[in-house]
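Here is a short tour of one protein chain, written to be read with the model open beside it. Take a look at the fold below, and then we can walk through its parts together.

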Amino acid sequence: MANEELLRTHLQELRRGTVVAASLVALRQPGYGYALLQRLTEHGFPVDANTLYPLLRRLEDQGLLTSEWNTDESRPRKFYRTSDEGEEILGRLLDDLSAIQTSMTGLIEGVDR
């Protein structure tokens, strides 16, 4: 079972780096925290609420997300959306993820650079 725990730790580290990019992609369409949590989980990015909400606040503080309150329903919800600056950063992140995938594939297949 020690190997399962070790694997879980490494998988968590691997996914942690992709949650920012996944959130910026998902929030190209406005969404609130809980809906984002569900959407990310459905797409293979399980995130704890105690991780996601601080991340959303941090991305908003960095100018990568914008937000506004929707009070149309009985329960007000804060909707987030990827900002123009967030799109710019997301593009760079996705380029880097693609480069990492290409490098990993080359390494696995033994392709020399």
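## Helix α4 and D84

D84 is found in helix α4, which covers residues 84–109. Please keep in mind that this is a predicted model. Is D84 buried or exposed? Its relative accessible area is 70%, so D84 counts as exposed, the cut-off being over 50%.

Along the chain, D84 and T66 are 18 residues apart, and their C-alpha atoms are separated by 9.3 Å.

## The sheet

Now for the strands. Three of them form an open sheet, in the order β1-β3-β2, and the pairing is antiparallel. The edge strands, each pairing on one side only, are β1 (31–32) and β2 (65–70). In general, strands of a sheet pair through backbone hydrogen bonds, either parallel or antiparallel.

How many bridges join β2 and β3? Strand β3 spans residues 77–82, and its antiparallel pairing with β2 runs over six bridges. If you would like a place to look, S67 stands opposite Y80 in β3. Helix α3 (residues 49–61) lies across β2 and β3, and runs at about 115° to β2.

## Around Y32

The aromatic pair count comes to one. Its members are Y32 and F79: the ring centres are 5.4 Å apart and the planes stand at 70°, so the pair is edge-to-face, a label that applies over 60 degrees. Because Y32 lies in strand β1 and F79 in strand β3, the pair ties together parts that are 47 residues apart in sequence.

F79 has a relative accessible area of 23%, so F79 is partly exposed, as the buried class is limited to values under 20%. Y32 has a further partner: the charged end of R77 sits over the ring of Y32, 4.1 Å from its centre.

## The nonpolar core

Let us finish with the core. In soluble globular proteins, nonpolar side chains tend to be buried together. Here the largest nonpolar core has 19 residues, and L36, L40, L52, L56 and L65 are those with the most contacts inside it. Which elements give two or more residues to this core? They are α1 (2–26), α2 (33–42) and α3, with α1 giving the most, six residues.

L40 is a good residue to select in your viewer. Leaving aside residues up to four places away in sequence, L40 touches A22, S23 and A26, as well as F45, P46, V47 and L52.

Note on methods: Residues are numbered from 1 along each chain as its sequence is written. This is a predicted model: local features need pLDDT of at least 70, side-chain atom pairs count only at pLDDT 80 or more; totals for chains, interfaces and linings use all residues. Side-chain values use heavy atoms; hydrogens and water are left out. Two strands pair if DSSP finds at least two bridges between them. Helices (H or I, at least four residues) and strands (E, at least two) are DSSP runs, numbered from the N terminus. Contact means heavy atoms within 4.5 Å. Axes are lines fitted to C-alpha atoms, for helices over the stretch in contact, and angles run from 0 to 180 degrees between N-to-C directions. A nonpolar core is a set of buried Ala, Val, Leu, Ile, Met, Phe, Trp, Tyr and Cys residues joined through side-chain atoms within 4.5 Å. Buried means under 20% relative accessible area, exposed over 50%, partly exposed in between (1.4 Å probe, protein chains only). Rings of Phe, Tyr and Trp (its six-membered ring) pair if their centres lie within 6.5 Å; planes under 30 degrees apart count as stacked, over 60 as edge-to-face and the rest as tilted. A charge sits over a ring if NZ of Lys or CZ of Arg is within 6 Å of the ring centre and within 35 degrees of the ring normal.
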